[in-house]
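The exercises below ask you to read a protein structure step by step. Try each task on your own before you turn to the solution.

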Amino acid sequence: GSSREALATILGRYLPSVDLPLFDRCVRSLRGECGLLERLWVKHELHRRLSAQARRPPVLALMKAAIEKALPDGIRGLLVDARMRLVGGGAIIALIGGDGAGKSTCAAALGGWLAYDFPTMHAHLGRPPRSALTLAVGGTLKAEAVVNRLLRRQPRCPSNVELLRHVCTARDRHRLYHRVQRFAARGGVAICERYPVPECFSLAGPDIPQLQPAKAGRLGELLRVAEASNYERMLPPDALLVLRLEPELAVLRKPGEPADYVRTRARLIWDIDWADTNAQVVDAGRTLPEVLTDLRTRVWAAL
């Protein structure tokens, strides 16, 4: 009983979704109650699912140590990154908020502030780098629209190609998340915008459930599961900072964009009750220096 509880605690910390068969096989493997092939499968599956949490020593670690001792200070500073690294692993700091809340401005300011002392990276999970597969599917989607227009054919909404495009976006986000997780595991600090969190998946999260009809075909269901699995394998950030801005003020800050669009997206954050979550709500209606001072205090406490 105690071994099952300990294993459940460990897997629950590092794997956001663990199915019961895998958990039972892990327990049986630890107890020596399964065969060689099943133990090899358990090892492979755990290694695959935990790959984003891997912490491997740098290949050039010994060479770096030798350089630090052998070279003069002036040359050493040019070749060796002397910034601090968090020995227990770095941190993923997520900034979320509606339009006009100042996410990008605050993310850039926090990154510049931390970069002097820590290896720092910035990631926008709402707009991840698109893979070759995503570009190919996007091109196919455009070609499908052209063909439908030429043939004067009513397009199916949503088409399977459109659903596949959402799966590709989810995959791109998970690939970027994987890079962020590995960077933080090496002691760096990652500042992330539009980090997918279940409370506001509408800003960056699964799209297929809202597009699919109630009775989707088998292919549509497979695409929905494929999209959802990418988000299920993303752990919560180490610190979630919510820039909360009153919707009407957001409209005033975005005069060049449609008011209804800005108001709707700002209300998505404004209407959520964050009291029962681990999020730290920051009043984004104040002046920028006040908001940044508040954010720096919270970020430093999370490191």
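In this predicted model, a residue is called buried when its relative accessible area is under 20%, exposed when that area is over 50%, and partly exposed in between.

**Exercise 1. Decide whether Arg194 is buried or exposed, and describe its backbone.**

Solution. Begin with the accessibility: Arg194 has a relative accessible area of 10%, and therefore it counts as buried. Next, find its place in the chain, which is the loop between strand S3 (189-193) and helix H9 (208-211). Then turn to the backbone, keeping in mind that most residues other than glycine have a negative phi. Arg194 is not a glycine, and yet its phi is positive, at about 50 degrees.

**Exercise 2. Compare the end-to-end span of helix H7 with the span expected at 1.5 Å a residue, and work out where its buried residues lie.**

Solution. Start with the length: H7 has 19 residues, which should span 27 Å at 1.5 Å a residue, and the end C-alpha atoms are indeed 27 Å apart, so the two values agree. Now list the buried residues of H7, which are Thr134, Val137, Gly138 and Asn148. Around the axis they cover an arc of only 105 degrees, and therefore they sit on the same side of H7. These buried residues pack against helix H8 (160-185), whereas Ala132, Lys142 and Leu150 are exposed on the other side of H7.

As a further step, look at two of these residues one by one. Gly138 has a relative accessibility of 16%, so it counts as buried, and its C-alpha is 9.3 Å from that of Cys168, although the two residues are 30 apart in sequence. Leu150, by contrast, has a relative accessible area of 68% and is therefore exposed. Leu150 also belongs to a nonpolar surface patch together with Val146, Val147 and Leu151, and the four residues have about 380 Å² of accessible area together.

**Exercise 3. Carry out the corresponding analysis for helix H3 (residues 36-49), asking which residues are buried and where they lie.**

Solution. First check the length: H3 has 14 residues, and the distance from its first C-alpha to its last is 20 Å, close to the 20 Å expected at 1.5 Å a residue. The buried residues named in H3 are Glu38, Val42, Glu45 and Leu46. Seen down the helix axis, the buried residues fall within an arc of 95 degrees, so they line one face of H3. Leu36, Leu37, Lys43 and His47 are exposed on the other side of the helix.

**Exercise 4. Find the salt-bridge partners of Arg263 in the pairs with Glu248 and Asp260, and say how each pair is placed in the chain.**

Solution. Recall first that side chains of opposite charge can pair when their charged atoms come close. For the pair of Glu248 and Arg263, the closest N and O atoms are 2.8 Å apart. This pair links distant parts of the chain, with Glu248 in helix H11 (residues 247-253) and Arg263 in helix H12 (residues 259-270), 15 residues apart. For the pair of Asp260 and Arg263, the distance from N to O is 2.9 Å. Because Asp260 and Arg263 are 3 residues apart in H12, about one helical turn separates them.

Finally, compare the accessibilities with the cut-offs. Arg263 is partly exposed at 23%, and Glu248 is partly exposed at 37%, while Asp260 is exposed, with a relative accessible area of 55%.

Methods. Residues are numbered from 1 along each chain as its sequence is written. This is a predicted model: local features need pLDDT of at least 70, side-chain atom pairs count only at pLDDT 80 or more; totals for chains, interfaces and linings use all residues. Side-chain values use heavy atoms; hydrogens and water are left out. Helices (H or I, at least four residues) and strands (E, at least two) are DSSP runs, numbered from the N terminus. The expected span of a helix is 1.5 Å times one less than its number of residues. Buried means under 20% relative accessible area, exposed over 50%, partly exposed in between (1.4 Å probe, protein chains only). The arc is that of the directions from the helix axis to the C-beta atoms. Patches are made of residues with over 30% relative accessible area and no salt bridge: like charges are joined within 9 Å, nonpolar side chains (Val, Leu, Ile, Met, Phe, Trp, Tyr) within 5 Å. Accessible areas come from the Shrake-Rupley method with a 1.4 Å probe; for residues, only the protein chains shown count as cover. A salt bridge is a side-chain nitrogen of Lys or Arg within 4 Å of a carboxyl oxygen of Asp or Glu. Contact means heavy atoms within 4.5 Å.
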